[in-house]
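Thanks for asking for a second pair of eyes on this one. My notes follow as numbered points, so please read them with the coordinates open.

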Amino acid sequence: MTPPPITLLHGVDIPRIGLGTWPFVGEECQQIVRTALDLGYRLIDTSHKYDNEDAVGEAIRRSGIPRDELFVTSKFNKENHSVDGVRTAYEESLRRTGLDYLDLFLIHWPVPALNRYVDAWEGLVALLEAGSVRAIGVSNFKPAHLDRIIAATGYVPDVNQIQLSIDIARTLPRTAHDNLGITTEAWSPLGRGATLRDNEQVTAIAHHLGRSPAQVLLRWHVQMGIVPIPRSSNSQQLAQNLDLFDFELSPAQMSVLDTLDRGEDAARDSDDPSNGH
Ligand SMILES: NC(=O)c1ccc[n+]([C@@H]2O[C@H](COP(=O)([O-])OP(=O)(O)OC[C@H]3O[C@@H](n4cnc5c(N)ncnc54)[C@H](OP(=O)(O)O)[C@@H]3O)[C@@H](O)[C@H]2O)c1
């Protein structure tokens, strides 16, 4: 049985797990999202950058699932880091998805070299205050970036979507989020490449529980109160990734997984000018 959703800072409920849609586009994306919706996924993560908002919207329409049972997230790029730019980005995301509203709209990357992410945040606050979007947040923000937007506006993001997996466990940012009431979403929750799924300690726990390594990795997120957004092009793996709520990792197993953290330096650095868009 799926546990209750997490209630975000501005009062909206978010499911405990979602579907990542990068790098799928077109017909393939539409089919994967449709399969995921049929399996029971209710949180779908897209972005202007992924070039698949149209396919996500089409899959949602074809599923016939009432809009208010879904939680749709999109994100915008640095070209729209201004108050008016965010309004335009939002309208364009609605046009591409064909939806009347998004549940969550995110600044995709802070791009500090541009120094416009505070303006972008002011634009999101304006959308929230106008009642156009249900929740607002950021992605790839470090604690210092969060402090700056909060100091400028008094508004705390509902969500920060960051790179996070058991080997890139992001302890410092997660503590900052917890102190501020921000919900942490994890991109690449299964880790880049197959290394993490093949890790000896992960596979030993999976074997012991009669689960797959991916399920062990995702269950760790759920138990930490993090919302993972794994993607898969394989329907059995999509089903498996959602099937996390009838088993538990013991404190001892959680501690073993905690030892795999490679530290903050292993994450993509959003202050590095070569990262972000
Ligand atoms: N905000 C950001 O800046 C940002 C950046 C990157 C990604 N994202 C979002 O995060 C989502 C997920 O991240 P990601 O795509 O990097 O990585 P991920 O979801 O952690 O891993 C995807 C990989 O895991 C495999 N996989 C999935 N389920 C599996 C299972 N049960 N057993 C074995 N292998 C499995 C997939 O292969 P198969 O397809 O063969 O299953 C794929 O190779 C993206 O789709 C995107 O929406 C956001």
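1. Overall burial and size. Of the 277 residues in the chain, 44% are buried. Please keep in mind throughout that this is a predicted model. The radius of gyration is 18 Å, and a compact globule of 277 residues would come out near 19 Å, so the chain agrees with that expectation. Taken along the principal axes, the C-alpha atoms fill a box of roughly 55 × 40 × 35 Å.

2. Secondary structure and contacts. The chain holds 11 helices and 10 strands. Among contacts with a separation of 6 or more, 73% are made by residues that sit 24 or more positions apart.

3. The sheet. In what order do the strands of the open sheet run? The order is 3-4-5-6-7-8-9-10, with 8 strands and parallel pairing. Strand 3 (19-20) and strand 10 are the edge strands, and each of them pairs on one side only. As a general reminder, strands of a sheet pair through backbone hydrogen bonds, either parallel or antiparallel.

4. Strands 4 and 5. Strand 4 (residues 43-45) and strand 5 (residues 71-76) run parallel and are joined by 3 bridges. If you want a place to start looking, Leu43 stands opposite Phe71 in strand 5.

5. Strands 7 and 8. Strand 7 (residues 135-139) pairs with strand 8 in the parallel sense, over 3 bridges. Here Gly137 stands opposite Val159 in strand 8. Between the two strands the chain passes through helix 5 (residues 143-153), and this β-α-β crossover is right-handed. Strand 8 is largely enclosed by the rest of the structure, because 4 of its 5 residues are buried.

6. Strands 8 and 9. Strand 8 (residues 159-163) runs parallel to strand 9, and 5 bridges join them. Two pairs help to fix the register: Asn160 stands opposite Thr184 in strand 9, and Gln163 has Trp187 of strand 9 as its bridge partner. Strand 9 (residues 183-187) is mostly covered, with 4 of its 5 residues buried. The chain gets from strand 8 to strand 9 by way of helix 6 (residues 171-180), in a right-handed β-α-β crossover.

7. Strands 9 and 10. Strand 9 is joined to strand 10 (residues 227-228) by 2 bridges, and the two run parallel. The bridge partner of Ala186 in strand 10 is Pro228.

8. The ligand site. Which residues are closest to the ligand? They are Gly20, Trp187, Leu190, Ala214 and Ser232, out of 24 residues that surround the ligand. Trp187 has already come up as the bridge partner of Gln163. By class, the shell has 14 polar, 7 nonpolar and 3 charged residues. Helix 10 (residues 235-242) gives the largest share of this shell, with 3 residues.

9. Trp220. This residue lies in helix 9 (residues 213-224). Is Trp220 buried or exposed? Trp220 counts as buried, because it has 25 C-beta neighbours inside 10 Å and the cut-off for a buried residue is 20 or more. Leaving aside neighbours within four places in sequence, Trp220 is in contact with Ile166, Leu249, Met254 and Leu257. The C-alpha atoms of Trp220 and Ser165 are separated by 9.0 Å, although the two residues are 55 residues apart along the chain.

10. The cis peptide. I would look at the peptide bond from Trp22 to Pro23, which is cis with omega near 5°. Pro23 lies in the loop between strand 3 and helix 1 (26-39).

11. Asp51. Phi of Asp51 is near 60°, a positive value in a residue other than glycine. Asp51 belongs to the loop between strand 4 and helix 2 (53-63). With 16 C-beta neighbours inside 10 Å, Asp51 counts as partly exposed.

12. Asn115. For Asn115, too, phi is near 60°, a positive value in a residue other than glycine. Asn115 is found in the loop between strand 6 (104-107) and helix 4 (117-129). Why does Asn115 count as exposed? Asn115 counts as exposed because it has 10 C-beta neighbours inside 10 Å, and a residue is exposed with 12 or fewer.

Definitions and conventions
Residues numbered from 1 in each chain as written. Predicted model: local features only at pLDDT ≥ 70, side-chain atom pairs only at ≥ 80, totals over all residues. Pairing = 2+ DSSP bridges. Right-handed = clockwise from strand over helix to strand, strands pointing away. Near = placed C-beta within 6 Å. Nonpolar A, V, L, I, M, F, W, Y, C, P; charged D, E, K, R; others polar. Contact = placed C-beta atoms within 7 Å. Rg over C-alpha atoms; globule rule 2.2 N^0.38 Å.
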